[in-house]
Amino acid sequence: MEERSLHIVIVGHVDHGKSTLVGRLLYDTGSLAPEKYEEIKAASGGEGGSVEFAYVMDHLEEERKRGITIDVAHTFFQTAKRRYVIIDAPGHKEFLKNMITGSSQAEAALLLVDITQGVREQTRRHCCILGLLGIDQVAVLVNKMDVVNYSEEAFDSVKGDIESALSGVGVNPSYIIPVSAIKGDNVADRSPNLGWFKGPTVLEALDSFSSLGMEDKALRFPVQDIYDMDGTSVIVGRVESGSMHRGAEVCVFPEGRTARIREIRKFMADDIEEAATGECIGVCIEDGALRRGQVLTDGATPTRSGSIRANVFWMAGRAWHPEMELVWKGTTQEARARIERILKRFDPASIEVIEKDAEEILPAEVAEVEIRLEKEVVVDRFTEIPEMGRFVLEHLGEPVAGGIII
Amino acid sequence: MDHLTALENKSIFIIREAYYRFRNIAVLWSIGKDSTTLLWHCRKAFFGKIPFPVLHIDTGYKFPEIYRYRDRYAKEWGLDLIVARNEEKIRSGMGPDKGSKLECCTELKTNALKAAIARHGFKAILLGIRRDEHGIRAKERVFSPRDGDFKWNYEDQPAELWDNYKSTTHEEDHYRIHPILHMTELDVWNYVKREEIPIIELYSSKEGKRYRSIGCQPCCSPIESRARTVDEIIEELTTTKTSERAGRAQDKEDAYTMQKLRSLGYM
């Protein structure tokens, strides 16, 4: 089995069957405990004995009563190939921040499209978000095939729409698979009802995706905190990219001065020579003091700037306006910020550019902006070092937008 | 990086972030495998010396083994242990059979925690809950704000992107921090094995039964099991078809008891 688990987000328009698919996937792979199944069956009520597979994920009373998903839920299952973390995201526009929260943790996505409805508003919006977040492993599941009697013609006509809609937001689906989540066709097992379809089942599609590899990149170590350990100053943080070596000379940004790594510390481990990407460590340096938000680097120089160009997606329920005070947060860095210019804004549900040089950003819109920061920060392009190329904007302590540095 | 190391690093990052953001925090230790794993991560995050108190909510109904284990490792690991009890309700005879389980959990756990937070002014509490334990916990954020009445506003949780957590507080608020939310039951046992974390003997089979989830004695039922060692427990979990909290009475009163408990501030 592969070492790392793969995180998959399930997205799509309201009622296109996201939660049902997850419930079905767990049930068909034997990942659902019998007594949980009984609990769901009981909670489904006596409606002709049908089981609401969505209840596996929709656990809030409000969700079950209203038949919707409000917040993102994570669940776990595994195949012979690897472990999966399945992130079920809500489909309503009003819960977009929850959908983005879920998607921000994913490496691949399953997009549900109801065959009777085709591509809808949130289908487009979600695709656009996936594109912005750099999630390019996407399988489209054309759901509710049972409703159209598993018709190949119906599938083919929707398939064309999906391909053209997705290419508009820069997403190239790896597969487009006809399924019925409620009946279980083509989810874990190949369905005789869909014998005409030669592609993979959902499970096979998942297994064909790959974990994002750890590439060999330049070191980025944002300082998280400083601890005083018996008079020694220990700098703690996580290696966001590259690796840290004892004895190496590193650059301290944003100042740009150099420092030497004297020691790498971890509890219950002695004599550490190297720390890899993703490791939380302590380091002691030879020269000078550090503070949170500084970044230790080597190799390719990051961008140091008081102004950044980015795509932001507005998650807050209220619109952005020019007087809004914002705080920019990227890795452990923080700075007061102002959106100085909106180069363009658009509603991802329609993809048309609404306005250039706009004066506002409405909820659920995406905008290309120029952000002015009160001090210099250290960043990389998202496409180069994703960990250093993404950020959150807060207003009065509330996260209101996510951003990708372009 | 292997699976367990990746999970550990994620947890350590969160613990350090909580400590940086709030400083005045505590970690809740129920003595079970999850909170002991969390405690282990805290020890690693701070190089062996946890710089904040370790809080044990004592309902008076805990297993005797819990008290023995607690006192032994509190001393061995140099913990700043705080034991919080709702003395008034314990004395007045509150119990799971008096009124509802919902009421008992609320008084002896939630309200005891509430009082401890107020007394010590904690701005955040680290908790060892996990997403795979329960459908409600699957919906939790890593940094979860609670108001002065402990209410969890599960219908409007803050966005949480790329380890940037909302952390602003008003006077009465506190945060629940969930560093091991991403671990599964099996992950925890595999980690316990790898790290050789001492685990309370209640998890080991005695006379054909063992506890899979540990809380108060009257509300926990053991499962049929012959698993005595950590290896045997892992073996059992990879084949079992029952869920972890099947032996926990408070989950069963009705389908939404856990949601109600948690919205009131239960762990």
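Begin in chain A of this predicted model by selecting strand E4, residues 108-114, together with strand E5, residues 138-143; the two strands run parallel and are joined by 6 bridges. To see one of these pairings up close, pick Ala109(A), whose bridge partner in E5(A) is Val138(A). As background for what the viewer draws here, strands of a sheet pair through backbone hydrogen bonds, either parallel or antiparallel.

Now widen the selection to the whole sheet of chain A that holds these two strands, an open sheet of 6 strands in the order E2-E3-E1-E4-E5-E6, with mixed pairing. At its edges stand strand E2 (73-78) and strand E6 (175-178) of chain A, each with a single partner strand, so one side of each is left without a neighbour in the sheet. If you look along the sheet, the twist from one strand to the next averages 25 degrees.

Stay in chain A and move to strand E11, residues 257-266, and strand E12, residues 269-272, which pair in the antiparallel sense over 2 bridges. Lys266(A) stands opposite Ala269(A) of E12(A), and the hairpin formed by E11(A) and E12(A) has 2 residues between the strands. Select Met268(A) in this hairpin and check its backbone, since the residue takes a positive phi near 65 degrees.

Next, colour chain A by its domains: the assignment gives domain 1 (6-208), domain 2 (220-297) and domain 3 (303-405). With the first two of these shown, note that the centres of domain 1 and domain 2 of chain A, taken over C-alpha atoms, are separated by 42 Å.

From here, cross over to chain B by displaying the interface, where 40 residues of chain B are in contact with 46 residues of chain A. On the chain B side, the elements that give two or more residues are H1 and H2 of chain B, and H1(B) gives the most, with 8 residues. Coloured by residue class, the side of chain B that touches chain A divides into 17 nonpolar, 11 polar and 12 charged residues.

Having met helix H1(B), select it alone and compare its ends: at 1.5 Å a residue, its 20 residues should span 28 Å, and the end C-alpha atoms are 29 Å apart, which agrees. Just after the helix comes Arg23(B), which takes a positive phi of about 55 degrees.

Add H2(B) to the view, and you will find that the axes of H1(B) and H2(B) come within 9 Å and cross at roughly 70 degrees, which makes H1(B) roughly perpendicular to H2(B). The contact is made from the H1(B) side by Glu8(B), Ser11(B), Ile12(B), Ile15(B) and Arg16(B), and from the H2(B) side by His41(B), Cys42(B), Lys44(B) and Ala45(B). Taken together, the residues of this contact divide into 4 nonpolar, 2 polar and 3 charged.

The next stop is the sheet of chain B, in which 6 strands form an open sheet in the order E3-E2-E1-E4-E6-E5, again with mixed pairing. Its edge strands are strand E3 (81-84) and strand E5 (143-146) of chain B, each of which pairs on one side only, and neighbouring strands are turned by 30 degrees against each other on average, direction ignored. Zoom in on E5(B) and strand E6, residues 174-177, of chain B, which run antiparallel and are joined by 4 bridges; within this pair, Phe143(B) has Ile177(B) of E6(B) as its bridge partner. Then show H5(B), which lies across E1 (25-28), E2 (54-57), E3, E4 (124-126) and E6 of chain B and runs at about 130 degrees to E3(B).

Finish by colouring chain B by domain, with domain 1 covering 3-184 + 253-263 and domain 2 covering 186-251. The C-alpha centres of these two domains of chain B lie 20 Å apart, and 29 residues of domain 1 are in contact with 25 residues of domain 2. On the side of domain 1 that touches domain 2, the elements giving two or more residues are helix H1 (3-22), helix H2 (33-45), helix H3 (64-76), helix H5 (101-120) and helix H8 (257-263) of chain B. The largest share of that side, 5 residues, comes from H2(B), and its residues divide into 14 nonpolar, 8 polar and 7 charged.

Technical notes:
Residues numbered from 1 in each chain as written. Chains lettered and ligands numbered in written order. Predicted model: local features only at pLDDT ≥ 70, side-chain atom pairs only at ≥ 80, totals over all residues. Domains from an automatic or database assignment. Contact = placed C-beta atoms within 7 Å. Nonpolar A, V, L, I, M, F, W, Y, C, P; charged D, E, K, R; others polar. Expected span 1.5 Å × (residues − 1). Pairing = 2+ DSSP bridges. Axes fitted to C-alpha atoms, helices over the stretch in contact; angles between N-to-C directions. Parallel < 35°, antiparallel > 145°, perpendicular 65-115°, else oblique.
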